[in-house]
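Here are my notes on the model you sent, set out as numbered points. Please read them alongside the structure itself.

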Amino acid sequence: MTTFETIRAVLGWCTVLNFGLLLVAGVVLMLGREPIKRIHKRLYGQSETDLDAAYFSFLANYKMLIIVFNLTPYLAMRIVG
């Protein structure tokens, strides 16, 4: 049977791992922006402005999902337990 502490620990580690992945994705997009843009321009035929907006939207949405589904439940469980 899963305990309260186990769920809280899983949510904590999910938060850490997801923020780590977000950090890696942000660094990769910052350092390798031009090669990534070339690939995506060829694949999808979008302009650089559209790609910049898509990259920003991806990072922002991913961060919000981490906060809503990992960090907030973890903090609530820390407060309650």
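1. In this predicted model, helix α3 covers residues 48-80, and its 33 residues should span 48 Å at 1.5 Å a residue; the C-alpha atoms at its ends lie 47 Å apart, which agrees with that expectation. The agreement should be read together with a bend of about 35 degrees, which α3 makes at Ile-67.

2. Several residues of α3 are buried, namely Leu-51, Tyr-55, Tyr-62, Ile-66, Asn-70 and Met-77. What covers these buried residues includes two other helices, α1 (4-31) and α2 (33-44). As background to such a pattern, residues three or four places apart point the same way, because an α-helix has 3.6 residues a turn.

3. As for how α1 is placed against α3, the two helices pack at an angle of about 160 degrees, and their axes are 9 Å apart. Angles over 145 degrees count as roughly antiparallel, and α1 and α3 are therefore roughly antiparallel to each other. The crossing in which α1 passes α3 is left-handed.

4. Is Lys-37, which belongs to helix α2, buried or exposed? Its relative accessible area is 5%, and because buried means under 20%, Lys-37 counts as buried. Leaving aside its neighbours within four places in sequence, Lys-37 is in contact with Glu-48, Leu-51, Asp-52 and Tyr-55; among these partners, Leu-51 and Tyr-55 are themselves buried residues of α3.

Notes:
Residues are numbered from 1 along each chain as its sequence is written. This is a predicted model: local features need pLDDT of at least 70, side-chain atom pairs count only at pLDDT 80 or more; totals for chains, interfaces and linings use all residues. Side-chain values use heavy atoms; hydrogens and water are left out. Helices (H or I, at least four residues) and strands (E, at least two) are DSSP runs, numbered from the N terminus. The expected span of a helix is 1.5 Å times one less than its number of residues. The bend at a residue is the angle between axes fitted to the seven residues ending there and the seven starting there. Buried means under 20% relative accessible area, exposed over 50%, partly exposed in between (1.4 Å probe, protein chains only). Contact means heavy atoms within 4.5 Å. Axes are lines fitted to C-alpha atoms, for helices over the stretch in contact, and angles run from 0 to 180 degrees between N-to-C directions. Angles under 35 degrees count as roughly parallel, over 145 as roughly antiparallel, 65 to 115 as roughly perpendicular and the rest as oblique. A crossing is left-handed if the near helix is turned anticlockwise from the far one by less than a right angle, and right-handed if clockwise.
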